[in-house]
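Open the model in your viewer and keep the selection box at hand. Each stop tells you what to pick and what is there.

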Amino acid sequence: MILVLGGTTEGRILAKNIQDTGRKVLLTTVSPYGGYLGQEEGVRDVRSKPLTSWELEQVLLQERVEKVVDATHPYAVQISKTAMEVCGKLAVPYGRFERESLVLPKHPLLVKVSGYEEAVERLATLGENIFLTTGSRNLALFCKTPVLKGKRIIARVLPEPEVLQHCRELGLKPDQVVALQGPFSKESNIWMYRHFQAQVVVTKESGNVGGFLSKWEACLELGLPLVVLARPKLSYPRVLTNWEEVLHFINEVEK
């Protein structure tokens, strides 16, 4: 059994590709929607729930997992840390599938920040209407931080009931929530930024697959600052960057 920790488009595709080689595959996702997308991709065995360290350990033991491919989102650092710890404990080979990182250009409209706290501080002076494309996990930081009091937050989030409930609990009104599944084209982003009168946009450095370039190109055309959260850096024991490397990893015999 090969365990693929999902959460990205690449994860679903990798799980299906591994399955197509004749290997047994289990794809895990955090949300039911992620599980649905995995099944739509054609992955037969999908489980959807956040995994604690103990739960992940039980999955590895009960399913007799031979290898783990971590294809979670680049910013989902906790599950990656947990997976490395559990795999190390049980001596299960771990491979991190890392989507290609972009080399960001130097441009006055491109504001690079190291984390959410720095992003909030920079946003205080960049505009009154803030368009967030960073998801719902750290939304409270933007909505509740005193330095952004009085700013209008527009949050683009997944159209899931618990996410929308979270937005409501944070005080966001319907005209401040864009509940759509991305990524989006440059033209779609331009329309949304204009419609919501965005004065600054916030994103993660999610690579081409995550739609970063289309956001940046839209901001360039409209003359909007784009605040970019740097990708977290972890020390992975093994990094896989393409399908050939993943295939070699799952097929190699451990000495």
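A residue counts as buried when its relative accessible area is under 20%. Keep that cut-off in mind, and remember that this model is predicted.

**Stop 1: Q176**

Select Q176. You will find Q176 in the loop between α7 (161-169) and β9 (177-179). Is Q176 buried or exposed? Its relative accessibility is 11%, so Q176 counts as buried. Now show the side chain of Q176. It reaches the backbone oxygen of I153 at 2.9 Å.

**Stop 2: the open sheet**

Switch to a cartoon view. Six strands make up an open sheet here. Read across the sheet in the order β3-β2-β1-β4-β5-β12. The pairing is parallel. Which strands stand at the edges? They are β3 (46-48) and β12 (239-240). Each of these has a single partner strand, so one side of each lacks a neighbour in the sheet. What holds paired strands together in general? Strands of a sheet pair through backbone hydrogen bonds.

**Stop 3: β1 and β2**

Select residues 2-5, which are strand β1. Turn the view to see both faces of β1. Both are covered. I2 and V4 lie on one side, L3 and L5 on the other, and all of them are buried. Next add residues 25-29, strand β2. Four bridges pair β1 with β2 in the parallel sense. Pick one bridge to look at: I2 has V25 of β2 as its partner.

**Stop 4: β4 and β5**

Move to residues 67-70, strand β4, and residues 94-97, strand β5. How many bridges join β4 to β5? There are three, and the two strands run parallel. Select V68 and look across to β5. Y94 stands opposite V68.

**Stop 5: E98**

Now select E98. This residue sits in the loop between β5 and β6 (110-113). E98 has a relative accessible area of 18%, so it is buried. Show its side chain together with that of R96. A polar contact of 2.9 Å joins the side chains of E98 and R96.

**Stop 6: the largest cavity**

Keep R96 selected, because R96 also belongs to the lining of the largest cavity. Add the rest of that lining: T8, E10, A71, T72, P74, F97 and R99. The cavity has a volume of about 40 Å³. How many cavities of 30 Å³ or more are there? The count comes to one. The lining of the largest cavity divides into three nonpolar, two polar and three charged residues.

**Stop 7: the second largest pocket**

Select S101, E205, A230, R231 and K233. These lie nearest the centre of the second largest pocket, which is lined by 15 residues. The space inside is about 250 Å³. Its lining divides into nine nonpolar, one polar and five charged residues.

**Stop 8: the cysteines**

Finish with C167. At 1% relative accessibility, C167 counts as buried. Which cysteine sulfur is closest to the sulfur of C167? It is the one in C143, at 7.6 Å, too far for a bond. Why is that too far? A disulfide is a pair of cysteine sulfur atoms within 2.5 Å. A search of the whole structure finds zero disulfides. Select C87 as well. C87 has 3% relative accessibility, so it counts as buried.

Conventions
Residues are numbered from 1 along each chain as its sequence is written. This is a predicted model: local features need pLDDT of at least 70, side-chain atom pairs count only at pLDDT 80 or more; totals for chains, interfaces and linings use all residues. Side-chain values use heavy atoms; hydrogens and water are left out. Buried means under 20% relative accessible area, exposed over 50%, partly exposed in between (1.4 Å probe, protein chains only). On a 1 Å grid over the protein atoms alone, a cavity is a set of points where a 1.4 Å probe fits but cannot get out, and a pocket is an open set with protein on both sides within 12 Å along at least five of seven lines; lining residues have an atom within 4 Å of a point. Grid points are joined across faces, edges and corners, and a volume is the space filled by probe spheres set on the points. Ala, Val, Leu, Ile, Met, Phe, Trp, Tyr, Cys and Pro count as nonpolar, Asp, Glu, Lys and Arg as charged, and the others, Gly among them, as polar. Two strands pair if DSSP finds at least two bridges between them. A polar contact is a pair of N or O atoms within 3.5 Å; within protein, one must be able to donate a hydrogen and the other to accept it, and residues adjacent in sequence count only if both atoms are side-chain atoms.
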